[in-house]
Amino acid sequence: MVDYLESFTIKPIGYFHASQTKKYSVPRQATVLTDYDGVIKLNPHSHFEQALEGLEGFDRIWILFRFHLHGHWKPKVLPPRGGKKQGVFATRSPHRPNLIGLSCVELKKIQGLSLYVANHDLVDGTPIVDIKPYLNYADSFQCAHQGWLDELPTEENITVYWSDLVDRQLSYLANEWNCQLKEEIAMRLKTSHLPYANNRVKCIQNNHYQLAYQTWRVNYLVEEGKLLVQSLFSGYDGDTLAGRKSSKWEDVAIHQAFCLQFPTENTI
């Protein structure tokens with residue numbers, strides 16, 4: 001008889017390392033963006049050197065991992081698209097019963113116990129549960145039916161452009177404050193630039209939109225597959241910028257200096 005209440009322990013075989021440390025700094029799926037690199041470092045003294053033999057010849061691998069930044073599961077979730085709750089098993093949501101994730105990534109090279117990969121959707125420190133090779137004959141299916149996704153309009157591929165003003169603003173933040181926003185904002189806009197539930201995008205008028213990204217606000221225009229970021233400004237209100245209100249974030253000083261540098265652009 002099967003004991004449906006039986007529990008078991010899974011120990012990580014290693015950990016993932018990358019520059020992305022926040023959940024919102026990675027794409028929703030591993031294949032959405034092509035310039036995200038990372039490395040899996042397997043645990044030493046576990047005979048994993050032998051376990052890796054033969055894997056170097058594969059272009060892609062499956063990674064099973066744990067959503068370690070999530071602490072609970074939900075039977076129904078609201079996907080980034082669609083505006084209607086779905087059963088968690090019908091989505092890729094991280095709010096799963098066992099918090100297990102699955103990603104197909106590009107394998108660049110193997111050096112010792114380090115696997116260098118590209119096109120990932122994992123954050124730094126993710127525990128790795130298992131690794132398997134991607135097999136064309138077994139893993140590639142062109143399904144005719146994609147469930148509730150078939151009812152949604154196809155999202156167009158977007159190319160992101162930056163106005164001269166935004167280029168100056170982002171360069172100032174990067175050079176003066178080591179605040180690297182350009183890559184993160186570009187990723188966010190490429191993966192979800194239209195208003196959906198919980199994605200912090202709103203339509204201002206016609207094809208003009210505003211993204212609330214961390215404590216910043218980004219205004220942009222979308223036309224014929226092109227997205228032009230027109231302006232960047234602070235998301236803090238006047239009292240916070242004036243020091244009369246506190247913030248849970250530690251970047252108020254950056255916003256204050258930014259508003260002095262670009263005074264006419266900082267109106268919400």
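Which backbone oxygen does the side chain of Thr 91 reach? Let's work up to that and on through the fold, one exercise at a time.

This is a predicted model, in which local features need pLDDT of at least 70 and side-chain atom pairs count only at pLDDT 80 or more, while totals for chains, interfaces and linings use all residues. Residues are numbered from 1 along each chain as its sequence is written, and side-chain values use heavy atoms, with hydrogens and water left out.

**Exercise 1. Describe the setting of Thr 91.**

Step 1: Find the residue. Thr 91 belongs to the loop between strand S5 (86-87) and strand S6 (100-111); helices (H or I, at least four residues) and strands (E, at least two) are DSSP runs, numbered from the N terminus.

Step 2: Check burial. Buried means under 20% relative accessible area, exposed over 50%, and partly exposed in between (1.4 Å probe, protein chains only). Thr 91 has 12% relative accessibility, so it counts as buried.

Step 3: Answer the opening question. The Thr 91 side chain reaches the backbone oxygen of Val 88 at 3.0 Å.

Step 4: List the surroundings, with contact meaning heavy atoms within 4.5 Å. Leaving aside neighbours within four places in sequence, Thr 91 is in contact with Val 77, Pro 79, Gln 86, Arg 96 and Trp 148.

**Exercise 2. Work out which elements build the largest nonpolar core.**

Step 1: Fix the term. A nonpolar core is a set of buried Ala, Val, Leu, Ile, Met, Phe, Trp, Tyr and Cys residues joined through side-chain atoms within 4.5 Å.

Step 2: Pick out the best-connected members. The largest core has 28 residues, and Leu 173, Tyr 220 and Val 229 touch the most other members.

Step 3: Assign the elements. Two or more residues each come from strand S9 (159-162), helix H3 (164-177), helix H4 (182-191), strand S11 (208-213), strand S12 (216-223), strand S13 (226-234) and helix H6 (252-261). H3 gives the most, with five residues.

Step 4: Look beyond it. Another core lies apart from this one; it has 21 residues, among them Phe 48, Ile 61, Leu 99 and Val 117.

Step 5: Zoom in on two members. Not counting residues up to four places away in sequence, Leu 173 touches Asn 178, Cys 179, Leu 181, Trp 216, Leu 232, Ile 254 and Phe 258. Val 229, in strand S13, is buried with a relative accessible area of 1%. Its C-alpha atom is separated by 9.7 Å from that of Ile 185, although the two residues are 44 residues apart along the chain.

**Exercise 3. Describe helix H3 and what covers it.**

Step 1: Compare the span. H3 has 14 residues and reaches 19 Å from its first C-alpha to its last, close to the expected 20 Å; the expected span is 1.5 Å times one less than the number of residues.

Step 2: Name the buried residues. They are Leu 165, Val 166, Gln 169, Leu 170, Tyr 172, Leu 173 and Ala 174. An α-helix has 3.6 residues a turn, so residues three or four places apart point the same way.

Step 3: Find the cover. S9, H4, S12, S13 and H6 are included in what covers these residues.

Step 4: Look past the end. Asn 178 follows H3 and has a positive phi, near 55 degrees.

**Exercise 4. Classify two of the six aromatic pairs.**

Step 1: Set the rules. Rings of Phe, Tyr and Trp (its six-membered ring) pair if their centres lie within 6.5 Å; planes under 30 degrees apart count as stacked, over 60 as edge-to-face and the rest as tilted.

Step 2: Take Tyr 172 and Phe 262. Their ring centres are 5.8 Å apart and their planes at 80 degrees, so this pair is edge-to-face. The pair links helix H3 to the segment after H6, 90 residues apart. Tyr 172 is buried at 14%, and Phe 262 is buried at 9%.

Step 3: Take Tyr 209 and Tyr 220. This pair is stacked, with 5.8 Å centre to centre and 25 degrees between the planes. Tyr 209 lies in strand S11 and Tyr 220 in strand S12, so the pair ties together parts 11 residues apart in sequence. Both tyrosines are buried.

Step 4: Look for a cluster. Ring pairs link Tyr 172, Trp 216, Phe 258 and Phe 262.

**Exercise 5. Say where His 45 and His 47 lie and whether they are buried or exposed.**

Step 1: Place them. His 45 is in the loop between strand S2 (37-42) and helix H1 (48-51), and His 47 is also found between S2 and H1.

Step 2: Read the accessibility. His 45 is exposed at 79%, and His 47 is exposed at 61%.

Step 3: Add the backbone. Phi is positive in each non-glycine residue: near 60 degrees for His 45 and about 65 degrees for His 47.

Methods. Polar contact = N/O pair within 3.5 Å; in protein donor to acceptor, adjacent residues only side chain to side chain.
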